[in-house]
Amino acid sequence: MTREKETTLYLGPQHPGITGNMMIKLKVSGDTVVSAETHLGYLHRAFEKLIERRNWLQSFTILCRFCVPEPDPIELSYALAVEKLEGRAVPERADYIRTIVAELARIQSFLLWYGGQSGSGGLYTLGQWSVGDRNYILDLFEDLTGARIYHMFMWPGGVRRDLPEGWVDKAYRTMDYLEKRLDDYNKLLFDNAIFQKRAQGVGIIPKDKALEWGVVGPPLRGTGIKHDVRIDEPYAAYDKIDFEVPTYEGGDVWARALVRRDEIKQSINIIRQALDNMPGGSYYNRIPNPMKWTVPAGNAWAKTESVRGEIGFYLVSDGSNKPRRAHLRGAAYAHGISVLEKILPGENIADVSFILNSLGVCPPEMER
Amino acid sequence: MDLIHNLKEVFEIDAKIKNDFQIEVEAKKELVSSILLYLKNQHGFIHLDHMSCVDWIEDEVFELVYIVWNPNTKKTVLLHTKIDRNKPEMENIDTIWDQANTYEREFREMYGIEFPGLVAEREFILEGWTEMPPMRRDFDTKKYAEETYATRPGRENAEDVREKIIKRTGEEIPDFAKKYSRD
Amino acid sequence: MSNKINTIGIPSEEEIKKAQIDFSPRCTAAGRVNDKETQKMVEYILNFARKHSLFVLAYGTGCGAIEIPATMTSRYDAERFGIRGAATPRQADVLLITGYLSTKTLKRVIRVYEQMQDPKYVIAFGSCTINGGMYFDSYNTIKALDRYLPVDVYIAGCMPRPESVIKGFIKLQELIQNGNAGNGECYRDNLDWYRTNQQKIIKNWDFPDEYNW
Amino acid sequence: MSILNLKGILTPLTALKQMGKEPHTINFPDEQKNISKIYRGFHHNDLDLCIGCGNCETICMNDAIDMISLAEIAGEPGDSGLRPRIDYGRCCYCALCVDVCPSGSLNMTSEFMKVTPDPYDFLMTPGKDNPEAVDKLSFTADMDTSLNLFDRVPMRELDPEERVKSFAEVFLGYNEEEARIEANRCISCGLCTENCPVHMHIPEYINAIANADDEAAIKIIYDNNDLPEMCGKVCTRRCEDVCALQVRGEAVAIRWLKGYATTRAENAEMIAEIVKPEVREPNQYKVGIIGAGPAGLTAGYYLALKGYDITIYEAQKDPGGMIMYGIPKYRLPYDSIQKQVDYMKKMGVKIHFNTKVGKDISFNEIYDNSDAVFMGIGLQDAWSLGIQDEDAEGVWSAVEFLGKANAGETPDIGKRVVVVGGGDVSIDCSRVSKRFGADVFQSYRRRIQDMPADPEEIEGAEQEHIHIMPQTIPTRVIKDEKGHVKGMEYLKAEMVSEGGGRPRPVAIEGSETIIECDAIIAAIGQKANYELLPKEIADKLEMVKDKIKVNEDRLTSIPKLFAGGDAVKFGNSDAISAIADGYAATKAIDKMLMGK
């Protein structure tokens, strides 16, 4: 038996197929990956060190930079953690607004994923559509929070601004539009023979190992295990909203794609319900003077569900006006390193970025 | 609660309920791996959610936190342990959970904690780093940044409101009061 | 605040100017335009062609990369300006520095930049490239990009909106047409100066394995 | 799956149906999307509204904001004269600076476009460099969304019905919790210190209170104010007039916070233990001080700390001067003054009571035996009303009346009292009269909003059912056959503004009205009495109108004679100005004698 020569291939950091500024050192034999090793640090900005220098409110602005494609769940996790430490209540209206924002963030991230997943599979039309339509969600964000990407909106105690006039109608209209467009997307992606061929049976995460490996979010639900922070440990207004958590068996890229396809519909459903049931009242429980705001000593662990899976925030206070330690557990922390290194061997080189996209690997939150 | 009872029975440690979903345990560092194994094998905490490290420089300890999760009962256990900051060493648990390897590499690099038996390149996130592990609290990131990186000139004439007013009024702030001045 | 660099006196404008020149060389690509009338015509045509076909290296170095898909896709459709992605540095004309650069990335970016063919242009996105942005006190990010690479256009924002990005490209096109863009020559001329700065912060100048410089 | 998946190959072709549709592309730059109404773009600062408090600089975690002097903006009390300059090479557009701006001057605009090859072009002074952006304000912080806490913690006070029955303190003072909350509102800009005559370290002690470090607060407070407990109760609190929060909301209750901190030290021993001032070795110099009022006590205390041999000569039997005899006990209890004086005595201040200079001891004796003399004699004689029959029995001067009341006597004022005046003293007289069971009418020439008295006091008086009669000008006292007051005649006045100045009351012809009363208290101001001075000194002493002229060091025209308090023309006539005089004189005397 002739064994082909093993070659080292550096995928990234500059590579069009990579999901962010990271590098995967692949050992390949022919077209087949023999081993993979993730290299990080290209986006390390030392957030957690910087947070130790900033007070509780100043830290809030830095949070969204943790993960660029989906900043809101991180803000929300931090807010929840601070609220746990302080025992600060959140008005019901704020809970509903938070739910809407979190779901909008999920949708825009899903749309970005559509683009990435199809693009890495060589299908560019869908990317043009979904990423273009994503701008309508960003418009909603812009009207609500004042910025397209970095919203800095959900702070401890509630949200920063109330829903502006006419926003609710606009949100309904956008949801209607998106729902219509989704059929087109799905026809283009799931009915496409190329995608079917490329996605099925690729990048399999075994069901029995998934939890132990630390897999979360859609990749976990793609193995048939039903776990979602929104249901397990409800936060914001999720316990008052009726929605389903789709699961598919298989654990491959295809199953993960199907999970996402169904989840985006659920997100639209959640937003509609939250808009329907939006309570009145205050949207924000005042924090003290931000310069003198101290939080009681203790630690808190808060989780939220993002598109890529759960995002946890471990926050420690020593009673001063600055966090002692803020540690983010990004959904990709396991996905992008240990899980990736386990499932890549045996795959085709061409599928590496395909798998990266389906796992939702987001380097900035892995190295922070 | 069964779990709290059992932990008391087997390891003689007190667990306390933190909230509806979370249980908090503090243990000696020697016990950590056996507790984690016990939790994983006997109580279904098969998912390692998170590991964290806190630098308590005043007490000269690092606090390591292991957060494990049980998918059936939806309960989370936060296991805290403290290790000596001057000779930081902790048992490697990547045999229990593979992804612990990533955390441990990070702590090794960012805090300088050694995990005997950890197989991985020492350089993980940083490259060519020669200073002390940067996440340690005595590492001053601002000072380092100012010394290392050039910032753009043209911003030098910064004035301070309090100083400006002091200049106008001739107020003399005694030294003991300065710690309460706005920084 | 405790961040004051100097509270003693306000520097005069000349002092500031001098400090700015010391801080980073100001390159102009004007030297490339030849005196001869015929050459001028050729330059004009070349510049016209260059500005309408900007191949952007697909390298998202930081946050700002998230607005690149939005800029390139149907809503803002930057291809109207002849802007499109290129997979490898050797095919690319424009390098986007989309925000902060960690020292580790800087090393790769320098390599990427040096691989690019002339004429090559650099667009810097957002606060971070101008004066450190919100990571001004981070130990791992550079604060002023022009200390390490010549930059053609800066775009304000954190991060810049797609409109700003497009405006940045329009500005670059203007500069190209006037022969004021493209600092590859300047980089080569001042290579020692740039290298000193680069190596001052990049402690490990080697690339892994056989992948070295 | 078969190799020839016909459906899978054909369905994507449905994309072709989009071909005829209108594109949703925004044809930038020819057309532009509507920017959000709250978009966070570049800043705009209303330079006139801005007070230069620097709160934006403090909250900015990126050091993007610097406060700089602008040529066109001169500082004044309540405005540091600095304005924010923003480095868009640092800004992260979080708009926290907008949310913490107390005056609401700093806002964000929908301008976001800036593209240039020059990296030095990103410094901007909002408002100065982009005045046109005022039309594009987008992200703003109104009272609801601002992060400043504009509402002060209400001060608990006795019920009006209850308090008129006795001389118990009306304001109960903050408790610990209230003080912490109130102290936490402060943004520590320090604008207040400029308006305080003594320039107390206000942000520092408020921060100490906010940090639950009351002892440090007391220590900081005593650094340049030796009667802070008095100030914590009755100060005219001009600091609060320039508080940054006062622009849009209620000023931080600086006075009450000082009151809170100082009352933590319950007796003189505790004060001494907490303050532990640095005491210099005794030196050979002697300083004589005339008058144990706020000015004299302050000079005495701080000179004693510096090692001088201090003797205070006081004509009355109790210390405190006007704050003892002029301020009613429901505002400032006797014990409070006594406690502070006891503390000063512990620090080496010697006071000779019942020693009237010019009578019990001659001025020259003090002057000749001392290396420096400080004179804080205050204003003891009242201005008279200057109307017919005001010598009638039952016409009081405020000094006389309050002195009697504070000495524990019950002045005979009958059932109906008319108080004339609009200052704090007049309100004091009214409210004291009320406490003696009288029905009180207060006559004032101008409108209520023109009254110089503290609005809080006016409100208190109204709650106690004191009838304020604004725009009334007394013309004549009506006395009965025994020569006792029976009533007062006054004219109604209308307000006339002339030349944009403060409106002037002008009597309305024929509006004479008579109000019946048993006593009239004239509280229209006091004047000094210089009888204690020997003629040759009095002649040499330069005056401004009827007040002593002093320089910045509070030095009079006579060598080594310093003066302070109400009797000098420097600053306002209130206790805190007197303290400032004493403190300034201390420094000057120290400099003069020790050469440093």
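Two strands are taken as paired if DSSP finds at least two bridges between them. I applied this criterion to a predicted model, beginning with chain D.

**Entry 1: the sheet around β13 of chain D**

I looked up strand β13 (residues 416-420) of chain D and found 4 bridges joining it to strand β20 (residues 519-522) of chain D, the two running parallel. Within this pair, I noted D:Ile521 of β20(D) as the bridge partner of D:Val419.

I then traced the sheet to which these strands belong. It is open, consists of 5 strands in the order β12-β20-β13-β14-β15 (chain D), and is paired in parallel. I recorded β12 (395-397) and β15 (467-469) of chain D as the edge strands, each pairing on one side only. With direction ignored, neighbouring strands of this sheet are turned against each other by 20 degrees on average. I also found helix α16 (residues 398-406) of chain D packed on the sheet, where it touches β12 and β20 of chain D. The direction of α16 makes about 80 degrees with that of β12(D).

**Entry 2: another sheet in chain D**

I next examined an open sheet of 5 strands with the order β9-β8-β7-β10-β24 (chain D) and parallel pairing. Its edges are formed by β9 (350-352) and β24 (561-563) of chain D; each has a single partner strand, so one side of each is left without a neighbour in the sheet. For this sheet I noted an average turn of 20 degrees between neighbouring strands, direction ignored.

At the β9 edge, strand β8 (residues 309-313) of chain D is joined to β9(D) by 3 bridges, and the two run parallel. One residue pair I recorded there is D:Ile312 with D:Ile351, the latter being its bridge partner in β9(D).

**Entry 3: where chain D meets chain C**

I counted 27 residues of chain D in contact with 31 residues of chain C. On the chain D side, α2 (55-59) and β5 (115-116) each supply at least two residues. By class, that side has 15 nonpolar, 7 polar and 5 charged residues.

I followed β5(D) across the boundary. Strand β5 (residues 153-155) of chain C pairs with β5(D) in the antiparallel sense over 2 bridges. The bridge partner of C:Ile155 in β5(D) is D:Val115.

**Entry 4: chain C**

I listed 8 helices and 5 strands in chain C, arranged along the sequence as α-α-β-α-β-β-α-β-α-β-α-α-α. Of its 213 residues, 54% count as buried. Among contacts in chain C with a separation of 6 or more, 81% are between residues 24 or more positions apart.

**Entry 5: chain A**

For chain A I obtained 14 helices and 8 strands. Its C-alpha trace spans about 75 × 45 × 35 Å along the principal axes. I compared its radius of gyration with expectation: a compact globule of 368 residues would have a value near 21 Å, and chain A has 21 Å, which agrees. In chain A 66% of the 368 residues count as buried. Of the contacts with a separation of 6 or more, residues 24 or more positions apart account for 72%.

I then checked helix α3 (residues 72-86) of chain A. At 1.5 Å a residue its 15 residues should span 21 Å, and its end C-alpha atoms are 21 Å apart, which agrees. I found 15 of the 15 residues of α3(A) buried, so the helix is largely enclosed by the rest of the structure. Just after α3(A), A:Gly87 takes a positive phi of about 70 degrees.

I located A:Asn357 in helix α13 (residues 352-359) of chain A. A:Asn357 counts as buried because it has 26 C-beta neighbours inside 10 Å. Leaving out residues up to four places away in sequence, A:Asn357 touches A:Thr19, A:Trp113, A:Gly116, A:Gln117 and A:Ser120. As a further distance, I noted that A:Asn357 and A:Asp232, 125 residues apart in sequence, are 26 Å apart in space, C-alpha to C-alpha.

**Entry 6: B:Pro134**

I placed B:Pro134 in the loop between α3 (100-110) and α4 (141-148) of chain B. B:Pro134 counts as buried, with 23 C-beta neighbours inside 10 Å. Setting aside neighbours within four places in sequence, I listed its contacts as A:Ala46, A:Lys49, B:Met110, B:Phe139, B:Thr141 and C:Tyr139. The C-alpha atoms of B:Pro134 and B:Tyr144, 10 residues apart along the chain, are separated by 10.0 Å.

Notes: Residues numbered from 1 in each chain as written. Chains lettered and ligands numbered in written order. Predicted model: local features only at pLDDT ≥ 70, side-chain atom pairs only at ≥ 80, totals over all residues. Contact = placed C-beta atoms within 7 Å. Nonpolar A, V, L, I, M, F, W, Y, C, P; charged D, E, K, R; others polar. Axes fitted to C-alpha atoms, helices over the stretch in contact; angles between N-to-C directions. Expected span 1.5 Å × (residues − 1). Buried ≥ 20, exposed ≤ 12 C-beta atoms within 10 Å, placed from the backbone. Rg over C-alpha atoms; globule rule 2.2 N^0.38 Å.
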